[in-house]
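Me: I am a first-year student and would like a close look at one part of this structure. Please take me through chain A slowly, and then show me how it sits against its partner.

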Amino acid sequence: MSGRFRGWGVAVYSIVVFAILLVPIGYTVLFSFNDARRTNIIWRGFTLDNWTGICDDARVCGAFGASIGVGIAATLVACALGTAIAIALVRFRFRFRNALTILLFLPMATPEIVLGAGLSSQLVNLGIEKNLVTVTIAHVMFCISFVVVTVRARAASLDPALEEAGRDLYGSPAQVFWRVTFPLLLPGIVAAALLSFALSFDDFIITNFVSGSAETLPKYIYIAAARGIPAQANVFASLIFFLAIAAVIAISLIGAARRKRLLRA
Amino acid sequence: MAFGAFAGGPEAAPGVAAAQRKSRIVLLLLLPGVIYLAITYVAPLISLVLTSLQSPSPDLAIGSYVYGFNVGNYVVALQTYAPVLGRSFLFALTATVLTLLIGYPLAYFIGVTLRRFPLLQSLALVLVIAPFFISFLLRTLAWKQIFSDEGPVVSFLQALSLLPHDAHLTGTPFMVIFGLTYNFLPFTVLPMYTSLERLDLRYLEAASDLYASRWNTFWRVTFPLSLPGVVSGTLLTFIPATGDYINASPSFLGGLDTAMIGNVIEQNFLVLQNYPVAAAMSIVLMVAILIPVAIYVSATKTEDLL
């Protein structure tokens, strides 16, 4: 068909770009098996020691634990606050609606370094000590907007007749919410939670400004980058990578299975 | 639209009581999140403006400042760091154009060519977002090792005599732009994919029925229809790339003379504790980004993206 790119040219081109996208991932996973002693720069042979001795480097292990803890806490708070806003935006008309939309859009459009510098100057001016709590507070802030966008898309596609049916059957507002609205919103909330966790887990730019001497995994990697990173950092990164890919595949398989079932019904 | 989930049961009469109840529920839903953003987004920006106007405290202790109206910080920020600001925009703009040129055919391939193969399409999307699942910093360090002086790329280019024996790739502007382009490519591809995925192919058939050339069809039908994706993709790349301080850092892909504005802000904030100048630079950066972005969005008539 004219007006389209030639099929084969663009296919070969895309495969090359995919390959380049994957190079650093392959490199990171490969070097998690490197028999490195102190710095993990030159390939010295295959070993499983880094995987079996995953917590041999206590500092990496602690930073990983901090990242997981901050990620879970930030995800829970951001999902609660963001879902409430999303429901209000879809279900109600109210004054200052446009102002709220702008307030939600701005954190996504502000360069991260400005968010970090702003939070940092606020903490300095108020004399608040920087630690993992301030890191979590900052992560919740930049996750909320993404939660609202994700859950709102799901809520807008719901049929309000379902909630009306719940009320017609004398469900109390709480019952209608927990037994109709919430289960229907759940896929959107799960997607928002995965996105929030991923954003929080990999954030460095803002974390660096609000963490003081506390360390998350990206912060540790940044500090260690100048003198060489232990292979365990690659192990943790690879582990998370494979878990995330498995989750994505599982979610798409479940979605495909559900669609098939609906088509058959 | 006032069919509230909580706006009253079937027996609630529409009246003052119901309206009061509704506004109470809206407040309950909105207030926690809005207060949170007011404290952690709005207040820090105000704090940043106040900090950017501070003067050194009279006892001259390092990192200690008093509130004032010291516009001198902005003068210092602009005079000392104007070349750095210019370099940041140059690097970020180059990387944005590159991600667009590299990413558009890829987005087209996934969104249009692979449409008949849903399984391959999902696989291709997973491949595009796969880099998000591995640490941004480790990915960037992997490129540093691959392009290092002892690494495979430099040795190969030297063996072919394409690169002199004393040449480096790491620490050069080329490498910083390479890193920015690589790291932000998925951000450009995904929105463009979303636009192209919705493209109605019958428009292209109509164009060719009207004897439009391939080139004309692309420029006058395909590209304009994918413009919202192009605009949000390039913004998602340009805004964070301008403030990035990882790729340009000497510990990663940059060198001593590739510093971007982010590196200077980080240095002044976290190392030199020169908060007022760092804050002034952050404000300058934000304004310098928002103005061209606003012009870009209104010039491409894509305001409804916001």
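How many helices and how many strands are there in chain A?

Reply: Before anything else, please keep in mind that this is a predicted model. Chain A has 11 helices and 0 strands, and if you follow its elements from the N terminus on, they read α-α-α-α-α-α-α-α-α-α-α. Along its principal axes, the C-alpha trace of chain A spans about 70 × 60 × 40 Å.

Next, it helps to set the UniProt record beside the model. In an unreviewed entry, UniProt lists residues 12–33, 68–90, 102–120, 132–155, 176–199 and 235–257 of chain A under "transmembrane region". Among these, we can look at two in the model: residues 12–33 of chain A are 86% helix and 0% strand, with end C-alpha atoms 31 Å apart, while residues 176–199 of chain A are 100% helix and 0% strand, with end C-alpha atoms 32 Å apart. An unreviewed UniProt entry also gives the annotation "domain: ABC transmembrane type-1" to residues 64–253 of chain A. Over that stretch, residues 64–253, the chain is 83% helix and 0% strand, and the end C-alpha atoms lie 29 Å apart.

Now let us look at how helices pack within chain A. Two packed helices are described by the angle between their axes and the distance between the axes. For helix α6 (residues 132–156) and helix α8 (residues 173–202) of chain A, the axes come within 8 Å and cross at roughly 155°. Since angles over 145 degrees count as roughly antiparallel, α6(A) and α8(A) are therefore roughly antiparallel to each other, and their crossing is right-handed. On the α6(A) side, the residues that meet α8(A) include A:His139, A:Phe142, A:Phe146, A:Val147 and A:Arg154; on the α8(A) side, those that meet α6(A) include A:Leu185, A:Pro187, A:Ile189, A:Leu195 and A:Leu199. Sorted by class, the residues of this contact between α6(A) and α8(A) are 14 nonpolar, 5 polar and 1 charged.

From here we can turn to the partner, chain B. In the contact between the two chains, 82 residues of chain A touch 78 residues of chain B. Helix α1 (residues 7–30) of chain A gives the most to the side of chain A that touches chain B, contributing 13 residues. That side of chain A holds 57 nonpolar, 16 polar and 9 charged residues.

One place where the chains meet deserves a closer look, namely helix α5 (residues 112–126) of chain A against helix α1 (residues 16–52) of chain B, whose axes are 7 Å apart and which pack at an angle of about 75°. Angles from 65 to 115 degrees count as roughly perpendicular, and α5(A) and α1(B) are therefore roughly perpendicular to each other. Here A:Ala117, A:Gly118, A:Leu119, A:Ser121, A:Gln122 and A:Asn125 of α5(A) meet B:Ala43, B:Pro44, B:Leu45, B:Ser47, B:Leu48 and B:Thr51 of α1(B). The residues of this contact of α5(A) with α1(B) divide into 6 nonpolar, 6 polar and no charged.

To finish, here is a brief view of chain B itself. Chain B is divided into domain 1 (1–52) and domain 2 (72–305), and the C-alpha centres of these two domains of chain B lie 37 Å apart. Between them, 4 residues of domain 1 are in contact with 8 residues of domain 2, and the side of domain 1 that touches domain 2 has 2 nonpolar, 2 polar and no charged residues. Chain B also has a helix pair of its own to examine: the axes of helix α9 (residues 227–243) and helix α11 (residues 275–299) of chain B come within 11 Å and cross at roughly 165°. These two helices, α9(B) and α11(B), are therefore roughly antiparallel to each other, with a right-handed crossing. In this pair, B:Val231, B:Leu235, B:Ile239, B:Thr242 and B:Gly243 of α9(B) meet B:Leu285, B:Ile289, B:Val293 and B:Val297 of α11(B), and the residues of the contact divide into 7 nonpolar, 2 polar and no charged.

Technical notes: Residues are numbered from 1 along each chain as its sequence is written. Chains are lettered from A and ligands numbered from 1 in the order in which they are written. This is a predicted model: local features need pLDDT of at least 70, side-chain atom pairs count only at pLDDT 80 or more; totals for chains, interfaces and linings use all residues. Two residues are in contact if their C-beta atoms, placed from the backbone, lie within 7 Å. Helices (H or I, at least four residues) and strands (E, at least two) are DSSP runs, numbered from the N terminus. Ala, Val, Leu, Ile, Met, Phe, Trp, Tyr, Cys and Pro count as nonpolar, Asp, Glu, Lys and Arg as charged, and the others, Gly among them, as polar. UniProt positions are given in the numbering used here, feature names are shortened, and annotations may be inferred rather than shown by experiment. Axes are lines fitted to C-alpha atoms, for helices over the stretch in contact, and angles run from 0 to 180 degrees between N-to-C directions. Angles under 35 degrees count as roughly parallel, over 145 as roughly antiparallel, 65 to 115 as roughly perpendicular and the rest as oblique. A crossing is left-handed if the near helix is turned anticlockwise from the far one by less than a right angle, and right-handed if clockwise. Domain bounds come from an automatic or database domain assignment.
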